[in-house]
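Work through the exercises below with the structure open beside you, and try each task before you read its solution.

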Amino acid sequence: MLKIPDSIFQEIRRHGEETYPLECCGVLLGEVDLDVNERRVSLAIRCGNMRTDSAHNRYLIDDKELLAAQKTARERGEDIVGFYHSHPDHPAQWSQTDFAEAHWIGCSYVITAVAKGKAEITNSFLLDGSTEEDKKFVDEKIEVLR
Amino acid sequence: MKIHIPTPLRQYAGKNSTVEVKGGTVAEALANLTAQYGDLRRHLYTDDGKLRAFVNVYLNDEDIRYLQKENTPTKEGDSLSIVPSIAGGL
Ligand SMILES: [Zn+2]
């Protein structure tokens, strides 16, 4: 389960609309409760998409921005709990590329479908497993906190 | 020196987000880390002992790939950050 305040949920969807027809991406900070397999988001950090060669169908978060996000999390006494990106004119389902490039086991990967510039469905997938060899994406419920 | 552990690897590092180690180079510091927490090794290295391609290592704010890689010298007070990459697409 991914719990996310409505304001942050709307913010990441809006980010996808703003960068359309290119993919947006960002980092989600908050806390993880392993006992109930729950991630609670407290902050979304927008990141630049480094894949300027193919930004309509690929994204790469700048390592420096990721490093800074990790530092911010530490200062807030929180963790990186997930990441988000958009799929311009494409369903909100993970792709083989998403899977191959997903390495943060235990974190949520949130995908928003943006059709003709408008955010549609937002889905979350938990990267489950224990190693790079047995990892898998599992559908995860999003609870929007209003 | 300190090594900052990313969220997914903490369970293999005694649930610590930061581990204190000694070492005169990045390689020594990482070797001391995996000597303390053996389970980390297979998450950081391939079977032939190379750092996995998606594992970025920063000495303070610099990517070690742009320094002297794992031979980069380190000193007391430095911090190493392990940051797996984030990418994907359609
Ligand atoms: Zn994707």
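## Exercise 1: A salt bridge and its network

A:E38 is buried, its relative accessible area being 10%. The model you are looking at is a predicted one.

Task: find which residue forms a salt bridge with A:E38, and state how far apart the closest N and O atoms are.

Solution. Begin with the partner, which is A:K3, and note that the closest N and O atoms of the pair are 3.6 Å apart. A salt bridge requires a side-chain nitrogen of Lys or Arg within 4 Å of a carboxyl oxygen of Asp or Glu, so the pair qualifies. Next, locate both residues along chain A: A:E38 belongs to strand β3 (residues 38-47), while A:K3 belongs to strand β1 (residues 2-5), and the two are 35 residues apart, so that distant parts of the chain are linked. Finally, look around the pair, where A:K3 and A:E38 are joined with A:E31, A:D33 and A:R40 in a network of salt bridges.

## Exercise 2: Two further salt bridges

Task: for the salt bridge between A:R76 and A:E78, and for the one between B:D63 and B:R65, decide which residues are buried and which are partly exposed.

Solution. In the pair from chain A, where the closest N and O atoms are 2.8 Å apart, A:R76 is partly exposed at a relative accessible area of 39%, whereas A:E78 counts as buried at 18%, because buried means under 20%. In the pair from chain B, whose N to O distance is 3.3 Å, B:D63 is buried at 5% relative accessibility, and B:R65 is partly exposed at 38%. Over all chains, the structure holds 17 salt bridges.

## Exercise 3: The cysteines

Task: determine how many disulfides there are over all chains, and check A:C24 and A:C25 one after the other.

Solution. The count over all chains is 0 disulfides. For A:C24, the nearest cysteine sulfur is that of A:C25, 6.7 Å away, and for A:C25 it is that of A:C47, 5.9 Å away. A disulfide needs two cysteine sulfur atoms within 2.5 Å, so neither A:C24 nor A:C25 is in one. Both residues are buried, A:C24 with a relative accessible area of 3% and A:C25 with 0%.

## Exercise 4: The zinc ion

Task: name the protein donors of the zinc ion, and say what the pair A:H85 and B:G89 joins.

Solution. The donors are A:H85 (NE2), A:H87 (NE2), A:D98, which appears with two OD entries, and B:G89 (O), and they lie 2.0 to 2.5 Å from the ion. Because A:H85 lies in strand β5 (residues 79-88) of chain A and B:G89 in strand β6 (residues 87-89) of chain B, the pair joins two chains. Both A:H85 and B:G89 are buried.

Note on methods. Residues are numbered from 1 along each chain as its sequence is written. Chains are lettered from A and ligands numbered from 1 in the order in which they are written. This is a predicted model: local features need pLDDT of at least 70, side-chain atom pairs count only at pLDDT 80 or more; totals for chains, interfaces and linings use all residues. Side-chain values use heavy atoms; hydrogens and water are left out. Donors are N, O and S atoms within 2.8 Å of the metal (3.2 Å for Na, K and Ca); water is not among the atoms, so sites may look incomplete. Helices (H or I, at least four residues) and strands (E, at least two) are DSSP runs, numbered from the N terminus. Buried means under 20% relative accessible area, exposed over 50%, partly exposed in between (1.4 Å probe, protein chains only).
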